[in-house]
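Subject: Structure for your review

Dear colleague,

Please find below the structure that I am handing over to you. A summary of what was found in it follows.

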Amino acid sequence: MKSVTRTLPLIVTLLACAFLLIPIIQSILAGLTVNYFRGLSSGLTLKWIGEVWTLYSGSIFLSIRLALACLIVTLILGVPAAYALARNPGRASRILEEFISLPLAVPGLALALALLQLYGSYKGFRTSWSFILVGHVLYTMPFMVRSVLSVLAAIDLKTLEEGAASLGAGSARRFIDIVVPNALPGILAGALTVVTLSIGEFNLTWMLHTPYLKTLPVGLADSYASMRLEVASAYTLVFFVMIVPLLMAMQWASARAQRITR
């Protein structure tokens with residue numbers, strides 16, 4: 001009976017992994033074969049990856065630029081916001097925290113539609129990548145704020161600040177020397193989450209993009225709709241190469257943050 005209870009979860013886990021991995025492996029192989037319908041017998045090639053780079057390199061660089069810009073904005077706005085919420089606990093702070101998290105409860109298409117209604121008439125802004133950046137910041141800001149806030153809530157922030165103030169440190173000095181180092185695990189975890197979500201975000205970006213502003217996920221959808229299956233699969237491979245290391249780094253940062261805050 002004990003062997004059954006031990007083996008059954010392992011079998012279920014392996015089946016779930018196979019269910020997820022087999023389509024991914026098949027898609028990757030399709031992007032590396034000369035002809036998908038003939039399979040591996042047609043030979044392996046990097047031709048399709050070269051075509052993806054030729055056709056969609058602009059989308060790749062745009063996604064990287066958007067992710068980095070989104071990270072900078074969320075760091076500048078999110079870390080001080082989390083600090084203010086942690087320093088002033090209470091009903092008002094909880095309301096503000098829920099307000100910041102509101103974009104997570106709103107579908108990306110609805111959020112994009114609201115942005116279009118509000119800023120769509122500003123043509124210079126509408127056709128700029130900064131318009132998509134606004135949507136990405138709204139979508140990812142809650143993850144940065146909550147990551148930093150969870151770390152700050154686990155430490156005795158008030159005592160640390162009082163000790164620094166007694167030594168003559170001003171508010172800016174306390175923030176740089178006390179808050180930021182102690183919140184670093186949360187900042188790192190939030191940063192990786194923001195970058196990963198920004199690169200992979202599709203619904204909101206699909207509504208906000210223009211023909212000249214296609215991000216990685218939008219380009220991926222376009223390649224599956226209009227290109228050969230091998231090109232689309234090679235695009236998927238490029239997407240995995242970019243996103244998987246970020247996901248692994250995010251898991252490492254989250255584990256690191258949990259160990260530090262215990």
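**Findings**

The place of Leu29 is in helix H1, which covers residues 2-30. Please note that the model is a predicted one. With a relative accessibility of 35%, Leu29 counts as partly exposed. Between the C-alpha atoms of Leu29 and Leu77 there are 42 Å in space, and the two residues are 48 apart in sequence.

**Overall architecture**

The protein contains 12 helices and 0 strands. Read along the sequence, the pattern is therefore α-α-α-α-α-α-α-α-α-α-α-α. Taken along the principal axes, the box filled by the C-alpha atoms is roughly 75 × 65 × 30 Å. The protein has 262 residues, of which 38% count as buried.

**The largest pocket**

The volume of the largest pocket is about 210 Å³. Its lining is made up of Leu77, Ala81, Phe99, Ile100, Leu102, Pro103, Val106, Leu111, Val137, Leu138 and Met141. By residue class, this lining divides into 11 nonpolar residues, with no polar and no charged ones.

Which helices each supply at least two residues of the lining? They are helix H2 (47-87), helix H3 (91-100), helix H4 (102-105) and helix H7 (129-153). H7 gives the most, with 3 residues.

Two of the lining residues, Ala81 and Pro103, are 22 residues apart in sequence, and their C-alpha atoms lie 16 Å apart in space. Ala81 has its place in helix H2. The relative accessible area of Ala81 is 23%, so this residue is partly exposed.

**Salt bridges**

Side chains of opposite charge can pair when their charged atoms come close. A search of the whole structure finds 2 salt bridges.

One of them joins the side chains of Arg146 and Glu98, at 3.9 Å from N to O. Arg146 belongs to helix H7 and Glu98 to helix H3, so this pair ties together parts that are 48 residues apart in sequence. Arg146 is partly exposed, its relative accessible area being 36%.

Lys214 forms a salt bridge with Asp222, and the closest N and O atoms of this pair are 3.4 Å apart. Is Lys214 buried or partly exposed? Lys214 has a relative accessible area of 23% and is therefore partly exposed. Asp222 is also partly exposed, with a relative accessible area of 22%.

**A buried arginine**

Arg126 lies in helix H6, which spans residues 123-126. Although Arg126 is buried, this residue has no salt bridge. The nearest side chain of opposite charge is that of Glu201, at a distance of 13 Å. A salt bridge requires a side-chain nitrogen of Lys or Arg within 4 Å of a carboxyl oxygen of Asp or Glu, and the 13 Å to Glu201 therefore leaves Arg126 without one. What does the side chain of Arg126 reach at 2.8 Å? At that distance the side chain of Arg126 reaches the backbone oxygen of Leu208.

**Points to view**

When you open the model, you may wish to begin with the lining of the largest pocket, to which H7 gives the most residues. The salt bridge between Arg146 and Glu98 and the contact from Arg126 to the backbone oxygen of Leu208 could be viewed next.

Yours sincerely

Note on methods
Residues are numbered from 1 along each chain as its sequence is written. This is a predicted model: local features need pLDDT of at least 70, side-chain atom pairs count only at pLDDT 80 or more; totals for chains, interfaces and linings use all residues. Side-chain values use heavy atoms; hydrogens and water are left out. On a 1 Å grid over the protein atoms alone, a cavity is a set of points where a 1.4 Å probe fits but cannot get out, and a pocket is an open set with protein on both sides within 12 Å along at least five of seven lines; lining residues have an atom within 4 Å of a point. Grid points are joined across faces, edges and corners, and a volume is the space filled by probe spheres set on the points. Helices (H or I, at least four residues) and strands (E, at least two) are DSSP runs, numbered from the N terminus. Ala, Val, Leu, Ile, Met, Phe, Trp, Tyr, Cys and Pro count as nonpolar, Asp, Glu, Lys and Arg as charged, and the others, Gly among them, as polar. Buried means under 20% relative accessible area, exposed over 50%, partly exposed in between (1.4 Å probe, protein chains only). Lys and Arg count as positive and Asp and Glu as negative; His and the chain ends are not counted. A polar contact is a pair of N or O atoms within 3.5 Å; within protein, one must be able to donate a hydrogen and the other to accept it, and residues adjacent in sequence count only if both atoms are side-chain atoms.
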